[in-house]
Amino acid sequence: MPGLADMHVHFMPDDDSTNHRLLRLYLANGITTLLNLEGTPAHVRMRQAIAEWRVLGPRLYTSGPAVRDTGLTREGGARLVEEHRAAGYDVVKIYNGASREGCRGILAAAHRAGIPVVGHVARSLGLEGTLGAGQRGIVHLEEYLYTYFPFRNSDTTLVPERVLDPEAIPYLARNTARAGTWVTPTLVAFESILAQAENLDSVLARPEVSYVPRPVLGSVGWLPDRNPYRKRFWHPAHHRNHRHALRYQVAMVRPFHGAGVRLLAGTDALIPGVVPGFSLIPIGNYLGNRFVHVGQRKRHRSP
């Protein structure tokens, strides 16, 4: 079979030994291309080492550090693009809090430089502003829920059936396709957050977790005393919100594909519960037997 691609991954910031072990986990699962979306100079060096066959690993592309600056000016955004290009990064990643003017400076300068801009939907731009501004990729389908609808996972008073309107999906699909924006749904990451909030012990007991290097377990929030999802999403209403939001995102995928939206497979590993390499394989289930309609779940086994 062809090599697989995971177009949303993370590595340890500056731990070559651990990162090399993670590279081998990807290869062992047939993954031969990666896009790292929180880069450091160590990752640029690792990319070069892979290209020169000094390190065994998938072909690697990397962003620089995600842009989070709420006070970034348009001129500062343009300078940031030049700095990232000079540092050898392949793409620029925008995060939630990036300022409106900073995003505009980044997008204009990146277009001139031929560097793709991907990331979350900056709250300062909103969904329509992001689609219309030339951002090449949205790296979580859940971003649509937060920036087009007033959906908040942590709101215990939320009635998700009233907030997330299925009738809006064709409109969102058409606008995304018209903008030429790539979307990486990362559904497995969203499902993992729900699973950890409901029963973290069962997630940690999965056989593939035994392959996660100890430095990752100890520093990224996998273990019970540090897990962010169990602490944040503890209320039954949180679990209900997540379940409905997951079903809604699954219901978005096929119409997006049908409208011509270009979709990428990605997992958001190393976030807690998402095992590098192993977590890419279940993604196909979402278009098969796992979830079919918003509010309706089929309960038959995959062949």
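Which residues in α2 are buried? In this predicted model, the buried residues of α2 are A42, H43, V44, M46, R47, A49 and I50, and what covers them includes α1, β2, β3 and α3 (74–87). The points below begin with the sheet and the helices around α2, then turn to a second sheet, to a pair of helices that involves α12, to the surroundings of H239, and finally to backbone geometry.

**The three-stranded sheet**

- Three strands make up an open sheet, arranged in the order β1-β2-β3, and their pairing is parallel.
- The edges of this sheet are taken by β1 (4–9) and β3 (59–62), each of which pairs on one side only.
- Averaged over the sheet and with direction ignored, neighbouring strands are turned by 15° against each other.
- Between β2 (residues 31–36) and β3 the parallel pairing runs over four bridges, and within this part of the sheet L34 stands opposite L60 in β3.

**Helices α1 and α2**

- Helix α1 (residues 16–28) packs on the three-stranded sheet, where it touches β1 and β2, and its direction makes about 135° with that of β2.
- Helix α2 (residues 41–51) lies across β2 and β3, and runs at about 155° to β3.
- The two helices also pack on each other, α1 and α2 meeting at an angle of about 50° with their axes 12 Å apart.
- Because angles of 35 to 65 degrees fall outside the roughly parallel and roughly perpendicular ranges, α1 and α2 are oblique to each other, and their crossing is right-handed.
- On the α1 side the contact involves D16, N19, H20 and L23, which meet A42, H43, M46 and I50 in α2; these four residues of α2 are among those that are buried.

**The four-stranded sheet**

- A further open sheet has four strands in the order β4-β5-β6-β7, again with parallel pairing.
- Here β4 (92–94) and β7 (182–183) stand at the edges with a single partner strand each, so one side of each of them has no neighbour in the sheet.
- Strands β5 (residues 117–119) and β6 (residues 137–138) pair in the parallel sense over two bridges, and the bridge partner of G119 in β6 is I138.

**Helices α8 and α12**

- Helix α8 (residues 169–179) packs against α12 at an angle of about 50°, with their axes 9 Å apart, and this makes α8 oblique to α12.
- The crossing in which α8 passes α12 is right-handed.
- From α8 the contact is made by I169, L172, A173, R174, T176 and A177, and from α12 by Y248, A251, M252, P255, F256 and A259.

**The surroundings of H239**

- H239 is found in helix α12 (residues 236–259), and since its relative accessible area is 13%, which is under the 20% limit, H239 counts as buried.
- When residues up to four places away in sequence are not counted, H239 touches L194, A197, E198, F233 and W234.
- With A197 there is also a polar approach, in which the side chain of H239 reaches the backbone oxygen of A197 at 3.4 Å.
- The C-alpha atoms of H239 and I193 are separated by 9.7 Å, although these residues are 46 residues apart along the chain.

**Backbone geometry**

- Most residues other than glycine have a negative phi, and most peptide bonds are trans.
- W53 is not a glycine, yet it has a positive phi of about 65°; this residue follows α2 and lies in the loop between α2 and β3.
- With a relative accessibility of 74%, W53 counts as exposed.
- T186 likewise has a positive phi, of about 50°, without being a glycine, and it lies in the loop between β7 and α9 (187–204).
- T186 has a relative accessible area of 1% and is therefore buried.
- The peptide bond from A269 to L270 is cis, with omega near 20°, and L270 has its place in the segment after α12.

Notes:
Residues numbered from 1 in each chain as written. Predicted model: local features only at pLDDT ≥ 70, side-chain atom pairs only at ≥ 80, totals over all residues. Heavy atoms only, no water. Pairing = 2+ DSSP bridges. Axes fitted to C-alpha atoms, helices over the stretch in contact; angles between N-to-C directions. Contact = heavy atoms within 4.5 Å. Buried < 20%, exposed > 50% of the residue type's maximum accessible area, 1.4 Å probe, protein only. Polar contact = N/O pair within 3.5 Å; in protein donor to acceptor, adjacent residues only side chain to side chain. Parallel < 35°, antiparallel > 145°, perpendicular 65-115°, else oblique. Left-handed = near helix turned anticlockwise from the far one by under 90°.
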